[in-house]
Amino acid sequence: MKAIAKAFLRHPSGMLGLVILLAVIVLAASAPLLFPGDPWDTVAAPFTPPDTDGMLLGSDSLGRDIAAGIAHGTRVSLMIGVTSTLVALIIGVVVGALSGYVGGRVGEWLMRFTELFQTIPGFMLCILLVAILSPSIRTVVIAIALVSWPQVARLTRGEFLALKEREFVQAARCQGESPLSLIVRYILPNALSPIIVAGSLSVASAILIESALSFMGLGDPNLMSWGFMIGAARTMLRQAWWMSFFPGIAILLTVLAINLVGEGLNDVLNPRISRK
Amino acid sequence: MGWLKGLAALGARLAKMVAVVLLIAVFNFMLVHSAPGDPALVIAGQSGATDEQFLQRVRADYGLDKPLPTQLATYLGKVVQFDLGYSHRQQRTVSSAILERLPATLLLTLSAFTISLVGGVVLGSLAGVRAGKASDTLISLLALVIYATPVFWMGLMLVLLFSVQLGWLPAFGYQTIGVTMSGWDAVVDKLKHLALPAFTLGMLYLAIYARLMRASVIEVSHQDYVKTARAKGASESRILWRHMLRNALLPVVTMAGVQAGTLIGGSVVIETVFAWPGLGRLTYDAVLQRDYQVMLGIFLVLSILVIAFNWLTDILYRVIDPRIKAA
């Protein structure tokens with residue numbers, strides 16, 4: 001563990017990502033302190049350009065503070081990114097582990113089902129789910145998890161197929177360990193590092209999907225989010241570029257940081273199969 | 001015996017397509033029934049003002065008073081006949097609304113697909129051949145940033161640059177409205193409108209394929225047959241184009257097949273940004289009006305489109321590598 005942390009500290013782009021990511025997390029945590037009011041409140045004249053009247057990033061068409069919206073939106077993006085990835089990891093690991101461990105016909109059918117899921121245009125599936133089940137944090141998380149799990153499942157299956165024939169697993173099987181214990185205590189811990197990497201990259205793509213959903217007007221209507229801000233400002237692009245520009249930068253930086261951390265983790269955790 | 005194998009492959013493909021269509025139809029059915037409230041209301045796409053007569057017709061049409069399995073059978077029977085229901089909002093059948101919008105979506109997705117493949121292969125080969133040099137770093141860095149950019153925001157920023165600031169390209173729509181053009185002018189006008197949306201949609205995949213192509217070129221360049229070609233005195237460009245490219249292309253084409261689903265899903269957002277009159281724009285309107293039948297129908301049609309794209313990549317794969325017979 002210590003060795004991994006040390007190696008990561010020496011990984012330049014991974015560390016850059018980590019620093020940006022920590023800044024984003026601090027912003028999310030301190031949003032209620034930095035911008036104590038409700039981000040939906042009118043606090044300035046509408047269409048205030050950036051850096052005037054105390055509005056650092058300007059105000060929107062209803063006089064709401066863009067900077068406050070971004071700060072509060074950070075919480076929504078990170079929360080949805082992490083929760084939907086956790087749900088996707090649970091589904092993906094269970095399906096992948098079953099398919100890889102059991103193998104045979106059951107395993108093959110599970111994989112066919114997974115592949116079928118990957119054929120479906122994922123974003124359209126998200127739109128449908130959220131629109132019909134009515135937009136809320138819960139439905140958005142479920143929708144994103146449903147389009148994210150197949151990748152985890154395929155990865156987990158591959159790891160399980162490779163690991164289950166290894167000597168240490170066979171030795172444990174000969175000692176009479178139950179299949180559940182073999183899966184959870186012997187195989188899974190050794191398959192964990194690629195799953196962690198896939199999970200971290202999946203947080204980034206979940207944030208992108210969430211922003212696109214709220215851009216289309218399918219976010220939780222009670223929460224200020226980056227995608228919603230851009231969607232609401234879209235028709236005023238000519239008059240007020242800052243309304244859509246800054247929230248987009250926030251998404252870009254956050255997703256970039258997570259991707260950098262993920263790739264850094266990949267290099268550190270899987271040194272043999274990392275970039276050739 | 002060759003044609004027999006080909007026939008079997010065709011059969012397997014059609015079977016996969018039927019499986020996907022059925023899966024989606026069952027999924028749509030479950031979704032309608034898991035939504036809160038009366039399924040008839042969901043099918044009718046009405047939450048506010050209700051037209052009782054229309055609701056009655058929907059209930060009778062879909063057998064909503066019968067047990068669930070019968071309802072499912074009725075629904076599947078309709079889908080198989082491409083009867084996707086009636087949109088009360090649009091006052092027309094869902095299938096006719098979709099068919100009218102399909103060409104625009106086909107044009108957009110096929111253009112984006114071509115741009116991403118050609119651009120990705122060219123940039124990726126350049127980066128791979130010059131691995132470690134400044135242009136390689138630049139291309140890799142660019143790919144990293146594009147990866148992290150939300151596609152709708154990228155579209156808006158390109159509009160800001162090319163339409164608002166520079167005035168080179170139109171910001172939205174399919175053609176210039178209010179002017180009748182013919183022949184060459186009309187084609188150029190359409191291409192100008194297509195440029196920004198197609199490029200924006202293709203850009204992410206361009207980045208993905210460029211990174212993949214780069215890795216692939218680097219790997220292939222260590223192969224013995226490349227060394228042989230070099231030893232024979234073949235020029236570097238001949239080695240790249242005649243010897244390396246075909247082999248390096250294969251993983252990229254495989255990836256293009258895998259990514260078809262997300263590319264087509266992405267067109268929904270892009271069409272919304274650029275007011276492109278395809279299925280994505282129709283989806284956006286349907287979302288605003290809560291017109292569920294239209295959304296369910298588009299979901300089905302887009303999934304079929306993904307399978308068609310998968311076939312296209314299979315054909316590409318076989319053209320590039322003739323050793324592979326019908327897979």
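These are my notebook entries on two chains, A and B, and on the contact between them, all read from a predicted model.

**Entry 1: the chains one by one**

I began with chain A, whose secondary structure comes to ten helices and zero strands, so that I could write its pattern along the sequence as α-α-α-α-α-α-α-α-α-α. For its dimensions I took the C-alpha atoms along the principal axes, and they fill a box of roughly 75 × 45 × 30 Å.

I then turned to chain B, where I noted twelve helices and two strands. Reading from the N terminus, I wrote down the order α-α-α-α-β-β-α-α-α-α-α-α-α-α, and for the C-alpha trace I recorded a span of about 80 × 60 × 40 Å along the principal axes.

**Entry 2: the extent of the interface**

I looked up how many residues take part, and found that the contact draws 39 residues from chain A and 47 residues from chain B. The size of an interface is often stated as the accessible area that is lost when the parts come together, and I therefore looked for that value next. Between chain A and chain B the buried area is about 4,000 Å², and carbon and sulfur atoms give 80% of this. On the side of chain A, I noted that Met124(A), Ile132(A) and Met216(A) lose the most area to chain B, together 17% of what that side buries.

**Entry 3: polar and charged pairs across the interface**

I searched for salt bridges between chain A and chain B and the count is one. The partners are Glu263(A) and Arg211(B), and their closest N and O atoms lie 3.1 Å apart. For polar contacts across the same interface, I recorded five residue pairs, with both residues at pLDDT 80 or more.

I next asked which elements of chain A give two or more residues to the side that touches chain B, and listed helix H4 (104-119), helix H5 (122-132), helix H8 (179-215) and helix H10 (241-269). Of these, H10(A) gives the most, with twelve residues. When I sorted the residues of this side of chain A by kind, I obtained 29 nonpolar, six polar and four charged.

**Entry 4: a nonpolar patch on chain A**

Finally I looked at the surface of chain A, where Ile90(A), Val94(A), Leu98(A), Val102(A) and Val106(A) make a nonpolar patch of about 450 Å². Helix H3 of chain A, residues 66-102, gives the most to this patch, with four residues, while I placed Val106(A) in helix H4 of chain A. I noted that helix H4 is also among the elements listed above for the side that touches chain B.

Key
Residues numbered from 1 in each chain as written. Chains lettered and ligands numbered in written order. Predicted model: local features only at pLDDT ≥ 70, side-chain atom pairs only at ≥ 80, totals over all residues. Heavy atoms only, no water. Contact = heavy atoms within 4.5 Å. Buried area = accessible area lost by both parts, 1.4 Å probe. Salt bridge = Lys/Arg side-chain N within 4 Å of Asp/Glu carboxyl O. Polar contact = N/O pair within 3.5 Å; in protein donor to acceptor, adjacent residues only side chain to side chain. Nonpolar A, V, L, I, M, F, W, Y, C, P; charged D, E, K, R; others polar. Patch = residues over 30% accessible without salt bridge, like charges linked within 9 Å, V, L, I, M, F, W, Y side chains within 5 Å. Areas by Shrake-Rupley, 256 points an atom, 1.4 Å probe, with all protein chains shown as cover.
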